[in-house]
Structure formats: C-alpha cells, structure tokens
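Here are a few exercises to work through with the model open beside you. Try each task before you read its solution.

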Amino acid sequence: MQINLSGHHVDITDGIREAVDTKFTKVSGHHPQLGEVAITVTVDKNEQSVEAKGQYMGAPVVVQSSDKDMYAAIAAAAKKFDSALSHRKGATQSARHA
C-alpha cells in the first residue's frame with residue numbers, strides 16, 4: 001500500500017510520518033487489495049484533524065477524525081478507516097452471494 005501524506009497548516013515531522021505509517025500499515029495488513037491512501041493532516045487553532053481517502057473494491061472510502069492531540073486523531077482515523085473498509089468488504093460479499 002502506498003501512503004500519500006500531506007499537511008495543511010502543518011509541517012509533516014518524522015514523528016507524524018512514523019505514526020501514520022505504523023497505524024495505516026496495520027490497516028493494509030487486514031485489506032491487502034487496498035492500493036493507495038491519501039492522508040491529509042490539518043491543524044486549526046484548537047483542533048487537529050486527519051482525513052484518509054482511498055479506493056477499495058470500486059468505491060471511494062473517506063473518513064475524518066478530529067482531536068486536540070494529533071496522534072490520537074491519527075489513531076482514530078486509522079480505526080475508522082479499517083472499519084469502513086471492513087464494512088465495504090462485507091457489502092460486496094453479501095451482494096455477491098445474493
């Protein structure tokens with residue numbers, strides 16, 4: 001899986017890059033068909049947000065998470081993204097069996 005990481009109002013540090021790689025590599029282990037994920041890290045006045053976009057089994061999957069702590073927002077986005085991919089996978093399998 002290829003991860004495209006960009007920042008809006010924030011410089012991408014090694015710590016942020018490492019946290020994103022660690023969390024989203026686990027997601028790619030669960031869903032090996034996932035090719036590319038675009039992750040945008042945004043810092044506003046009192047809030048850090050992470051948005052993850054990807055294409056999975058022919059449908060776009062987009063999740064967003066916000067928190068006061070950047071690393072908590074990254075972890076929450078990875079969890080939501082994994083859940084959304086699992087939901088998409090279940091939907092395609094149930095349609096195939098119907």
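**Exercise 1. Find where Met 57 sits, and decide whether Met 57 is buried, exposed or in between.**

Solution. Keep in mind that you're working with a predicted model. Start with the position: Met 57 belongs to the loop that links E3 and E4. Next, take its relative accessible area, which is 36%. Buried needs a value under 20% and exposed one over 50%, so Met 57 comes out as partly exposed. Now check the backbone: phi at Met 57 is positive, about 55°, even though this residue isn't a glycine. That's worth a second look, since most residues other than glycine have a negative phi.

**Exercise 2. Do the same for His 9: which loop holds it, and is it buried or exposed?**

Solution. First, the loop: His 9 falls between strand E1 (2–8) and H1. Second, the accessibility: His 9 reaches 62%, and over 50% means exposed. Third, the backbone: His 9 isn't a glycine, yet has a positive phi of about 65°.

**Exercise 3. Lay out the fold: what order do the helices and strands come in?**

Solution. Count the elements to begin with: you should get two helices and four strands. Then walk along the sequence, and the pattern reads β-α-β-β-β-α. Finally, look at how far apart in sequence the partners are: of the contacts between residues at least 6 apart, 51% join residues at least 24 apart.

**Exercise 4. Work out the span of H1 and list which of its residues are buried.**

Solution. H1 covers residues 14–30, so there are 17 residues to work with. At 1.5 Å a residue you'd expect 24 Å, and the first-to-last C-alpha distance of 25 Å is close to that. Now for burial: the buried residues of H1 are Ile 16, Ala 19, Val 20, Phe 24, Val 27 and Ser 28. To think about that spacing, remember that an α-helix has 3.6 residues a turn, so residues three or four places apart point the same way. For contrast, try Gly 29, also in H1: its relative accessible area is 57%, so Gly 29 is exposed.

**Exercise 5. Which elements build the largest nonpolar core, and which gives the most?**

Solution. Begin with the core itself: it has 22 residues, and Phe 24, Ile 39 and Phe 81 make the most contacts inside it. Then sort by element: H1, strand E2 (36–43), strand E3 (48–56), strand E4 (59–67) and helix H2 (70–97) each put in at least two residues. H2 tops the list with seven. Lastly, zoom in on Ile 39, leaving out residues up to four places away in sequence: its contacts include Leu 5, Val 20, Phe 24 and Val 50.

**Exercise 6. Track down the salt bridge and the polar partner of His 31.**

Solution. Search the whole structure and you'll find one salt bridge. Its partners are Lys 53 and Glu 51, at 3.9 Å from N to O. Both ends are partly exposed, with Lys 53 at 42% and Glu 51 at 25%. Then move to His 31, in the loop between H1 and E2. Its relative accessible area is 4%, so His 31 is buried. Its side chain makes a polar contact of 3.4 Å with the side chain of Tyr 56.

Terms used
Residues numbered from 1 in each chain as written. Predicted model: local features only at pLDDT ≥ 70, side-chain atom pairs only at ≥ 80, totals over all residues. Heavy atoms only, no water. Contact = heavy atoms within 4.5 Å. Expected span 1.5 Å × (residues − 1). Buried < 20%, exposed > 50% of the residue type's maximum accessible area, 1.4 Å probe, protein only. Core = buried A, V, L, I, M, F, W, Y, C linked by side-chain atoms within 4.5 Å. Polar contact = N/O pair within 3.5 Å; in protein donor to acceptor, adjacent residues only side chain to side chain. Salt bridge = Lys/Arg side-chain N within 4 Å of Asp/Glu carboxyl O.
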